[in-house]
Amino acid sequence: MSRNDALTQAATYFDSGTLQSELAHLVRYRSESQNPAQAKVLESYLETAMRPRLEAMGFICTLYENPTGHGGPFLIALRIEDATLPTVLSYGHGDVVLGQDDQWRSGLEPFTLTEEGDVLYGRGAADNKVQHLINIAALETVLAVRGTLGFNVKIVFETGEEIGSPGLAEMMQQHRETLSADVLIASDGPRLSADVPTMFMGSRGGVSFDLAITLREGAHHSGNWGGLLADPAMILCHALASITDARGQLLIPEWRPTSLTPAVREALRGLPVGAAKGQPQVNTDWGEAGLTPAERAYGWNSFAILAMKSGTPEAPLNAISDSARASCQLRYVVGTDAQEILPALRRHLDAHGFEKVRIEATETGIFAATRLDPDHPWVGYVKASITQTTGKAPHVLPNLAGSLPNDCFADILGLPTIWIPHSYLGCNQHAPNEHVLKPVCREAMQVMTGLFWDIGERTPARS
């Protein structure tokens, strides 16, 4: 039996409808980590959807409660063929964001997989259930064709990624020896283009925080008190406007990274950003001047105001509000001192006369920035395998524009990290009508099967 036999079987797994039926089963789990009422579903996803399948492949599975005392449980699965063989660590998360049931278009329900042409709709279909399903199915394919993998596999499943992965870092610390490996190969996030595989080796970090100001207790009539009482919404708007200029360029020196090196720029050269059908058109007059769209998304920091509120927007009153609040976020790359992000913001606001504006850090959505050298041997190895399988050189990103808990693997476990996403930028991840594309899923099955086949024959360490 050969590599081509394995690729053929991987395609058959999709063409027979097996992937679709198995994904439908996973989507039915209402595993919303943002909803405390679904805590039992998170555990059930690991116990009834993941454990039996992995144990049938020869994995030893152990379920762990969250070491922080809050957040969902973890599953660690180990399949050791020979201690002298290379070891691959993989990862997946079984939780999803809130279903937003009433916002899906007619004919769609978030926790029922719906097939329309080349599209499979369902909450978690893209993030992250189809991604770890494909990787597990690819391992099963190699086992079925070759009889062995030819390498060891360790898998970590969490159920709290959508709320900031509480407890994941502690799990990596506690089980560092158990999870030792040669490389992390996992799947999350989108491809840069639906028709070309993508691989990325890290992610931007993310810090979420609120800016808030409270000037008094209660609102007061705008006719009687207008011009006499300071308006917290106006003050907050000016404070927010001081963070960037009119085109969104960062004005806080500590928030401007130093890591957009010539090597990183070369790695990003020519990558398509916002060029696919159905994607928003990139604003050429927004963000850091002099950078390409790829450099802005993958090599630079970006500040965003996620939400704002003062008064009662749903039913405005003729009154000056007592307070105002904005939910904010900084996505940052390697080369930014994460410990200085909020202190630098405090100094900036004070220097501009906004001492009354509070900075309130949030506990969710905090990930560190990571990046693997594009010249690392594992990068070239995976790129060559994907190219051999598809006949297309993949897009190679030093890091994802979004944020992942990659620091737990790169920094705590000290692993080279490579992510191969099986979704695309238009998948409506975290939004109503989330979906995956069937052609991407079919190609991803062959990509991962080919890669796992290759690792069983030769790795960079054994070349």
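The questions and answers below deal with salt bridges, strand pairing and backbone geometry in this predicted model.

Residues are numbered from 1 along each chain as its sequence is written, and side-chain values use heavy atoms, with hydrogens and water left out. Because the model is predicted, local features need pLDDT of at least 70 and side-chain atom pairs count only at pLDDT 80 or more, while totals for chains, interfaces and linings use all residues.

Q: How many salt bridges does the count come to?
A: Side chains of opposite charge can pair when their charged atoms come close. A salt bridge is taken here as a side-chain nitrogen of Lys or Arg within 4 Å of a carboxyl oxygen of Asp or Glu. By this rule, the count for the model comes to 23.

Q: Which residue meets Glu 81 in a salt bridge, and is that residue buried or exposed?
A: Relative accessible area, computed with a 1.4 Å probe on protein chains only, sets the classes: buried is under 20%, exposed is over 50%, and partly exposed lies in between. Glu 81, at 28%, therefore counts as partly exposed. Its partner in the salt bridge, with N and O 2.4 Å apart, is Arg 79. At 14% relative accessibility, this partner is buried: Arg 79.

Q: How many residues apart in sequence are the parts that Glu 360 and Arg 325 tie together?
A: Glu 360 forms a salt bridge with Arg 325, and their closest N and O atoms are 2.8 Å apart. Strands are DSSP runs of E with at least two residues and helices are runs of H or I with at least four, both numbered from the N terminus. Glu 360 lies in strand β15 (residues 358-361) and Arg 325 in strand β14 (residues 323-332), so the parts that the pair ties together are apart in sequence by 35 residues.

Q: Which residues are linked with Arg 325 in a network of salt bridges?
A: Both Glu 360, at 26%, and Arg 325, at 31%, are partly exposed. The network that contains Arg 325 also links Asp 210, Arg 358 and Glu 360.

Q: Which residue in β14 is the bridge partner of Asp 210?
A: Two strands pair if DSSP finds at least two bridges between them. Strand β10 (residues 205-214) runs antiparallel to β14 and is joined to it by 10 bridges. Within β14, the bridge partner of Asp 210 is Ser 327.

Q: Which residue stands opposite Arg 325 of β14?
A: Strand β12 (residues 302-309) also runs antiparallel to β14, and 7 bridges join these two strands. The residue that stands opposite Arg 325 is Lys 309.

Q: What is the N to O distance in the salt bridge of Glu 340 and Arg 347?
A: Glu 340 is partly exposed at 26% relative accessibility, and Arg 347 is likewise partly exposed, with a relative accessible area of 40%. Their side chains meet in a salt bridge with an N to O distance of 2.7 Å.

Q: Where does the residue that follows the cis peptide bond from Asp 127 lie?
A: The peptide bond from Asp 127 to Asn 128 is cis, with omega near 15 degrees. Asn 128 lies in residues 125-146, which form helix α4.

Q: What is the phi of Asn 433, a residue that is not a glycine?
A: The loop between β18 (423-424) and β19 (435-437) holds His 430, whose phi is positive, near 70 degrees, and which is partly exposed at 40%. Asn 433 is found in the loop between β18 and β19 and is buried, with a relative accessible area of 17%. Although it is not a glycine, Asn 433 has a positive phi of about 65 degrees.
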